[in-house]
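Work through the exercises below with the structure in view. Try each task before reading its solution.

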Amino acid sequence: MNHLLKAISEANNHLLRENNINNALQECIRALGSNILVDRCYIFKNEFKDGILVLNYEFEWCKENVTPFLGNPDLSGMPYEAFPGLYETLIQNLPLYGLVHESNNVLFRETMEMQGILSYLFTPIFSDDQFWGWIGFDDCESERIWQEEEVNVLHTVARNIGICLNQDKVVSKLETTLDELNFYIKSSSQAKWEWNLKTHQITYSFNWNEILGYTIEELGSNLEVWKEKVHPDDYDVIRNQLFNYIFKKTDRYDGVARILHKKGHYVWIKYSGIMLMDSLGTPTKIIGSQIDISAIKEKEIELAQQRNDFDNMVNNLAEIVFKTDLNGTLTFLNKQWEKITGFDIKESIGQSIFNFLTHIDTESFHQNINQSKVLEGKLMHHKEKKINVLLLLSLQTDLKDNSQFILGSITNINDLISLRKELQISEQKYRFIAENTSDLVVQHEFNGIVKYISNNCDRITGYTVEELLNQDPYQFIHPDDIQEIVTKHNNILNLPNEVITFRFLKKNQEYVWFETSVKIMKDSADRVLGIQTSSRDISQRLNDQEEVKRALEKQSELNDLKSGFVTMASHQFRTPLSVIYSNIELLHLKMNQSINKEEIKMITDRITSEVDRMTELMNNILLFGENESNKLKIDLKTIAFEEFIDRLIETYYQQEKDGRKLIVTMQGSKQKIETDERLLLHILTNLISNAFKYSIGCEQPELVITYFDHYYKIEIIDYGIGILPEENKHLFKSFFRGSNTANIKGSGLGLIIAKQFTELLNGSICIESIPKNTRVILEFPYKQM
């Protein structure tokens, strides 16, 4: 019996403690199953499906090593009809229990045996007097004989479950109702208040903070607090209205007023109240509400201002604005009516508009409503003269009653008529000039849209007149020129007679240079009408100027080259000649003295070195001059590159004075190359000699040759003085020598000749240098094209 009491206690605790009913039911069957020592505990819930009552397997607890069946499709959706006697017993709120093998229902017996069940107990669950479902208990290891007291206790637990289910529905419904009420109050921006007329205490609902920024505590409960918060212009009105309502002088209390917000601004509120009385008819309290209508009030004020602005605008228009019904009877006229016609507005309202119009009949009047067409006619003047006018009509609908009316305008064109002929003559003259000029004449709206273009546009641009009319000219302007033109366009009123140069895209997709003069078009009242441009193609002129500029630059470059050559040659030749001459004198002196072979050798070596220097200089000058005069001939042949490199090193770099050698590295598969040996020899000897010359006392220079699929690369690397970063851009200029090479002999022509010869062989050259390391990179194709 103790285990039953423990089971009931735990089950009830879960039913009472859990907020979520599903969690409560799951924990309840776990407590029952584990305490009353069954193998499986579960809950079936009833559901109507297509009008048939079926069972759904919803909750389950199983002892360890017992197979669970929750989620098995065979145990959900089965009708009660499949198990005769089950529904009939449970619907009477009676338990059903026994041994499986004793059941007369074959399907029931097979279903239970399939689950390994030997004995069972089902107790019905009723919620709100409705058969909600049932709770079941299974024994799979023994044929348990259920005792009557066990059955009664578990039946009681089932009743408790039904009670909790009903409570859950009630609570859920109540919570939903409260949520709906709170949502309504909050979404309505409405705050409630109650004034006790006996105690003079005021109580408030929520939403006051949202409307006025004050908490309920800050508002207090005293009526006097409102004297400070109600706008001074509204206070007396509210006070008088309230007391008149209390003393039954009026039968309602409502209105609109301004109340001070906590942040210092006034809020427009709509207020109302209902008075309650006791059995003797004495007022006891007033219950009221306040709604924030600031947004609506601001819109009303804004609308009133707009209406005032609209009236001012309409009455100050130069045109007559009128309104008629569908028969033409005038219902509105602006003030221009009196100014233009001389007729009184009040006397004219109610008359037919056709009493004042001639040359316009009712048929054409009604046909042109909403056609956006302008009617030309005459308007009567009170002095019986006629005024030339234009009419524009539209059909409108009154939003108040959906009735239709005609809204129109009348424009006085007397002055325009007199100017029309003069304008036609002037336009003919202008068009004659525009069509016969060599320039492209275009008239634009102020935003740039083309409104007129002269007929010579086809000859100048390739486009027809029709293709350019109403087009935005920016689509034909080169992208690099647009920003400058936009800037001038935006400031065009301050740039009279501006001349602009830009590139224009012709129809054949070729850009030509336009020189365009810009002029603002104004009327007699100095109002801007648009922009007129006159453009001419100056491409040839610019090309000629560019040719002259290039020629002058070439001439200047040649002059600089000549000047530099003279300076260099005079310096470079004078130095070795001086050294040779002084050493010859020294040699003569030594001949008259005792002869020392070492001294003689040192003197002759100096002479030989300077002669070699002069020879190198002369060779470089001759090669440079030959290339500059385009007299250098290229003699191409296929050679074995490795053999060529071996001969070069053996001939020129076997006997370096400081004993250093050139380290050669070959990478990739060896291939034959097509080249001019003389040019390639000069390139490499120049660069390798520089590597030795500018790295004396440092590591040995390197020559790295790499074969790729379609080209080969030669790298000459030294670890000498390097090249200053700021001087990199001058490396391939004639006669240029780095500032850190003043004490090293050179002509300043080696690199420029190496670059020119490399390019003649369709190769490329670049130099990478950091302190104490310089790398010259050459790349050549295997075959010369």
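**Exercise 1.** Decide whether I274 is buried or exposed, and find the surface patch that I274 helps to make.

*Solution.* Step 1: I274 has a relative accessibility of 56%. Step 2: buried means under 20% relative accessible area, exposed over 50%, and partly exposed in between (1.4 Å probe, protein chains only). I274 therefore counts as exposed. Step 3: I274 is found in strand β10, residues 266–277; strands are DSSP runs of E with at least two residues, helices are runs of H or I with at least four, and both are numbered from the N terminus. Step 4: I274, L276 and I287 make a nonpolar surface patch of about 250 Å². Patches are made of residues with over 30% relative accessible area and no salt bridge, and nonpolar side chains are joined within 5 Å. A salt bridge is a side-chain nitrogen of Lys or Arg within 4 Å of a carboxyl oxygen of Asp or Glu. Areas come from the Shrake-Rupley method with a 1.4 Å probe.

The model is predicted: local features need pLDDT of at least 70 and side-chain atom pairs pLDDT 80 or more, while totals for chains, interfaces and linings use all residues. Residues are numbered from 1 along each chain as its sequence is written, and side-chain values use heavy atoms, without hydrogens and water.

**Exercise 2.** Describe the surroundings of strand β5 (residues 119–127).

*Solution.* Step 1: eight of the nine residues of β5 are buried, so β5 is largely enclosed by the rest of the structure. Step 2: β4 (residues 96–99) runs antiparallel to β5, joined by four bridges; two strands pair if DSSP finds at least two bridges between them. L99 stands opposite S119 in β5. Step 3: β6 (residues 130–139) is also antiparallel to β5, with nine bridges. Here F122 stands opposite G136 in β6. Step 4: two residues lie between the strands of the β5 and β6 hairpin, where D128 takes a positive phi near 55°.

**Exercise 3.** Locate H478 and list its contacts.

*Solution.* Step 1: H478 sits in the loop between α16 (465–468) and α17 (479–490). Step 2: its relative accessibility is 15%, so H478 counts as buried. Step 3: a polar atom of the H478 side chain lies 3.1 Å from the backbone nitrogen of D480. Step 4: leaving aside neighbours within four places in sequence, H478 is in contact (heavy atoms within 4.5 Å) with R503 and Y511.

Definitions and conventions:
A polar contact is a pair of N or O atoms within 3.5 Å; within protein, one must be able to donate a hydrogen and the other to accept it, and residues adjacent in sequence count only if both atoms are side-chain atoms. Patches are made of residues with over 30% relative accessible area and no salt bridge: like charges are joined within 9 Å, nonpolar side chains (Val, Leu, Ile, Met, Phe, Trp, Tyr) within 5 Å.
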